[in-house]
Amino acid sequence: MHDFCPIRRIDHLEFFVGNARQAAFFYANGFGFTNTAYRGLETGSRDTCSYLMEQGDIRFVLTSALSPDHPVAHFVLEHGDGVGVIALEVPDAAAAFRETTARGARPALEPTARTDDAGRIVEAAIHIYGDTRIRFVERRGYRGFWPAFESTGKTPSPADAVGLELVDHIVGNVALGEMNTWVRFFAETMGFSQLAHFDDKTITTEYSALMSKVMQDGTGRIKFPINEPATGRRKSQIQEYLEYYRGPGVQHIALATTDIVDTVYNLRSRGLEFLQVPPAYYEDLAARIGPIDQPIDKLAELGILADRDEEGYLLQIFTEVVEDRPTVFFEVIERHGSRGFGEGNFKSLFEAIEREQARRGNLV
């Protein structure tokens, strides 16, 4: 089938934050990112400042407003720090914009070309759930990151990094009854297909449940799981997110590594905190998932989860929320053939999340 909106890769994620300088310090020291470029007053940007943070093929842009009436300031006031833009590199930004808006996407930015000494770059944008946008980026040999950004003179170094290599998937939370709306959006507007579906019988605990569908592009490299809450005895983690984020948005970002044990050791040594898994989870893990390359005792020591499907296995772990509001968190994942999302771990994971909800007084 003709791919009317081909995507080369996830170009970057732009976080709108209250204090970009402090956020850059957190991602450098907590996650091992390197600040490679900067845009702000010193580079001629009068309304925002931004820090480009890089590790492996991952690029985060941390942006703050320099005045209270800027849209980024409004975003942060409403949602707290969060992902405002998912940037996708495409071969033709104008064509991506034209094809998606013709199929129903709401335009956010008409195709716009920008030039500087590094060359020419074209961007366009559409709205998705909540106040989140997808930005189409056409680089065509552009030699820098973005106009008005100046290099800091630093390059990502393995000595500074923790082994995070690329964005594996980006999870969005939407309100009850909206999941299928956004599944249709990605299918009809961007040509995505459904990879997986988890209902409220699959993702459930004693207290709460949620439903999820995973959409992917034609290459299978770009994956957007979409969650919605389901009826339960108490408030689900999705409903808690929606209340504190004040609407739909990106819940978590999964970052891939080829050595999760080493990566998690590094992250823990930097002070990053992860959801706690009961020791009982590991008692029959070997019998449940079969042989894997990593010692079970190491996984247990670090709280790493494991799951297997017909294509292979995966290892995964989830941070606690990284904001004061119980909204955004991260996943670290190592894949060995499996294209899944750890279905066998859902119960243990959501029970761990519910323990954190109870600590916050929100499991009611």
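Start your tour by selecting helix 2, which gives the most to the lining of the largest pocket, with 4 residues. Keep in mind along the way that this is a predicted model.

**Stop 1: the largest pocket**

Helix 2 covers residues 71-79. Leave it coloured and add the strands that join it around this pocket: strand 1 (9-16), strand 4 (58-65), strand 5 (82-89), strand 6 (107-116), strand 7 (119-127) and strand 8 (133-138). Each of these elements, helix 2 included, supplies at least two residues of the lining. The space they help to enclose has a volume of about 740 Å³. Which residues should you click on to find its centre? Of the 32 lining residues, the closest to the centre are Glu14, Phe16, Val85, Arg133 and Arg135. Now colour the lining by class, and you will find 14 nonpolar, 9 polar and 9 charged residues.

**Stop 2: the second largest pocket**

Next, select Leu166, Val167, Asp168, Arg221 and Lys223, which lie nearest the centre of the second largest pocket. This pocket has 27 lining residues and holds about 490 Å³ of space. Strand 1 and strand 4 appear again here, each giving two or more residues, as do strand 10 (166-173) and strand 17 (329-336). Which element gives the largest share of this lining? Strand 1 does, with 5 residues. Coloured by class, the lining divides into 10 nonpolar, 6 polar and 11 charged residues.

**Stop 3: helix 4**

Move on to residues 179-190, which form helix 4. Try the distance tool on its end C-alpha atoms: they are 16 Å apart, and this agrees with the 16 Å that 12 residues should span at 1.5 Å a residue. Now show the side chains of Met179, Trp182, Val183, Phe185, Phe186, Thr189 and Met190, the buried residues of helix 4. They cover an arc of only 165° around the axis, so they sit on the same side of helix 4. The spacing is worth a look: an α-helix has 3.6 residues a turn, so residues three or four places apart point the same way. Step just past the end of helix 4 and you reach Gly191, which takes a positive phi of about 80°.

**Stop 4: two cysteines**

Finish with Cys5 and Cys49. Are they buried or exposed? Cys5 counts as buried because its relative accessibility is 2%, under the 20% cut-off. Cys49 is buried too, with a relative accessible area of 13%. If you look for disulfides in the model, the count comes to 0.

Conventions: Residues are numbered from 1 along each chain as its sequence is written. This is a predicted model: local features need pLDDT of at least 70, side-chain atom pairs count only at pLDDT 80 or more; totals for chains, interfaces and linings use all residues. Side-chain values use heavy atoms; hydrogens and water are left out. On a 1 Å grid over the protein atoms alone, a cavity is a set of points where a 1.4 Å probe fits but cannot get out, and a pocket is an open set with protein on both sides within 12 Å along at least five of seven lines; lining residues have an atom within 4 Å of a point. Grid points are joined across faces, edges and corners, and a volume is the space filled by probe spheres set on the points. Ala, Val, Leu, Ile, Met, Phe, Trp, Tyr, Cys and Pro count as nonpolar, Asp, Glu, Lys and Arg as charged, and the others, Gly among them, as polar. The expected span of a helix is 1.5 Å times one less than its number of residues. Buried means under 20% relative accessible area, exposed over 50%, partly exposed in between (1.4 Å probe, protein chains only). The arc is that of the directions from the helix axis to the C-beta atoms. A disulfide is a pair of cysteine sulfur atoms within 2.5 Å.
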